[in-house]
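Me: I have just opened this model and would like to go through it slowly with you. Could you start with the vocabulary?

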Amino acid sequence: MILKIDPKFIEDTVKRNNEHGYVYIKYGEFEPRFERKVVKEPIPVIGKIFPFLKRRVVRNVKTDKQDLVMHEEKVDNLRAKGESASKMLQDQLEKMPYRRIVKLDENIYGDLYVGHMKDQKYNLLTNQGVVIGQYDMANKGYYYPYMNGLLPKEASSSVNKHQSCEPIGLEDIVANYMAKNPDSKEFIPQNLYEKFPDLNEQINKESQKVKSNSNHDFTLN
């Protein structure tokens with residue numbers, strides 16, 4: 001199974017250059033149209049005594065018409081709306097599983113990104129938005145890819161809950177993913193094999209493990 005997001009989300013997030021890589025969604029909502037109209041209203045102070053005395057003023061008055069108004073907001077804030085969000089907005093959120101997208105150190109990994117999901121799961125993304133790896137940091141410490149642009153090593157138990165994770169070899173993350181999602185292998189950037197010469201061998205090893213386990217399970221049945 002090939003998982004992919006619209007690469008425009010990556011482009012937009014990187015262009016924003018926000019430190020934490022927060023993802024924004026553009027969406028439209030129909031809102032009441034207001035028009036400037038002359039209305040009559042009581043005169044301040046004296047109107048309390050003589051309510052029949054009115055003055056003419058120009059106000060924004062809500063009409064029966066509606067306009068499509070475009071908005072732009074963080075994924076985090078939009079998810080907080082829950083079921084109160086419009087169907088159109090919920091559909092948009094379904095297409096964007098990430099709350100943050102951060103570019104990794106280009107000198108080490110090339111043109112790769114990390115997509116942080118709403119929990120502690122992370123995906124490794126190509127610049128075309130294809131997932132080529134994933135890992136889970138739940139109960140392993142905290143990971144801040146924007147701080148050093150490196151992939152994490154599982155954090156050891158520590159009293160310092162704000163500890164930064166150490167870098168890990170990319171081969172482990174990609175190989176484990178490809179062993180279970182072989183259709184995604186064709187989307188691995190060619191320069192990644194050049195930067196990590198052992199990557200293909202590692203993928204083959206992990207794939208053989210999965211295949212061997214599958215055959216073993218079959219014979220047991």
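Reply: Helices (H or I, at least four residues) and strands (E, at least two) are runs assigned by DSSP and numbered from the N terminus. With those names, K140 can be placed in the loop between β6 (131–136) and α6 (145–148).

Me: Before we go on, what kind of model is this?
Reply: This is a predicted model, where local features need pLDDT of at least 70 and side-chain atom pairs count only at pLDDT 80 or more, while totals for chains, interfaces and linings use all residues. Residues are numbered from 1 along each chain as its sequence is written, and side-chain values use heavy atoms, with hydrogens and water left out.

Me: And what does the protein chain average in pLDDT?
Reply: The average is 84, and 90% of the residues score at least 70, where pLDDT is the predictor's confidence in each residue, from 0 to 100.

Me: Where is confidence lowest, and where is it highest?
Reply: In the protein chain the lowest mean is 74, in α2, and the highest is 95, in strand β5 (residues 121–126). As a caution, where pLDDT is low, the predicted coordinates should not be read in detail.

Me: Back to K140, is it buried or partly exposed?
Reply: K140 counts as partly exposed, because its relative accessibility is 23%, and the classes are buried for under 20% relative accessible area, exposed for over 50% and partly exposed in between (1.4 Å probe, protein chains only). The C-alpha atoms of K140 and Q120 are separated by 9.5 Å, and these two residues are 20 apart along the chain.

Me: Okay, salt bridges next. How many does the structure hold?
Reply: There are 13, counting as a salt bridge any side-chain nitrogen of Lys or Arg within 4 Å of a carboxyl oxygen of Asp or Glu. In general, side chains of opposite charge can pair when their charged atoms come close.

Me: Which residue forms a salt bridge with E41?
Reply: The partner is R55, and the closest N and O atoms of this pair are 3.1 Å apart. The pair links distant parts of the chain, since E41 is in strand β1 (residues 24–42) and R55 in strand β2 (residues 54–74), 14 residues apart. E41 is buried because its relative accessible area is 18%, whereas R55, at 33%, is partly exposed.

Me: Any others I should look at?
Reply: K103 and D111 meet through their side chains in a salt bridge at 2.7 Å, N to O; K103 is partly exposed with a relative accessible area of 28%, and D111 also counts as partly exposed, at 28%. D119 and K121 meet at 3.8 Å, N to O, with D119 partly exposed at 35% relative accessibility and K121 partly exposed at 38%. There is also a network of salt bridges that links D12, R16 and E72.

Me: Changing topic, how many aromatic pairs does the structure hold?
Reply: The structure holds 2, where rings of Phe, Tyr and Trp (its six-membered ring) pair if their centres lie within 6.5 Å, and planes under 30 degrees apart count as stacked, over 60 as edge-to-face and the rest as tilted. The ring centres of Y109 and F196 are 6.2 Å apart and their planes are at 20°, so this pair is stacked. Y109 sits in helix α5 (residues 106–109) and F196 in the loop between α8 (190–195) and α9, so to speak distant parts of the chain, 87 residues apart. Y109 is buried, with a relative accessible area of 2%, and F196 is buried at 11%.

Me: And how far apart are the ring centres of Y122 and Y135?
Reply: The centres are 5.4 Å apart and the planes are at 10°, so this pair is stacked too. Y122 lies in strand β5 and Y135 in strand β6, so the pair ties together parts that are 13 residues apart in sequence. Both Y122 and Y135 are buried.

Me: How many residues of helix α7 are buried?
Reply: Helix α7 (residues 170–180) is mostly covered, with 8 of its 11 residues buried, including I173, V174, A175 and A179. Leaving aside its neighbours within four places in sequence, E206 is in contact (heavy atoms within 4.5 Å) with A175, N176 and A179. E206 lies in helix α9 (residues 199–220) and is buried, with a relative accessible area of 14%.
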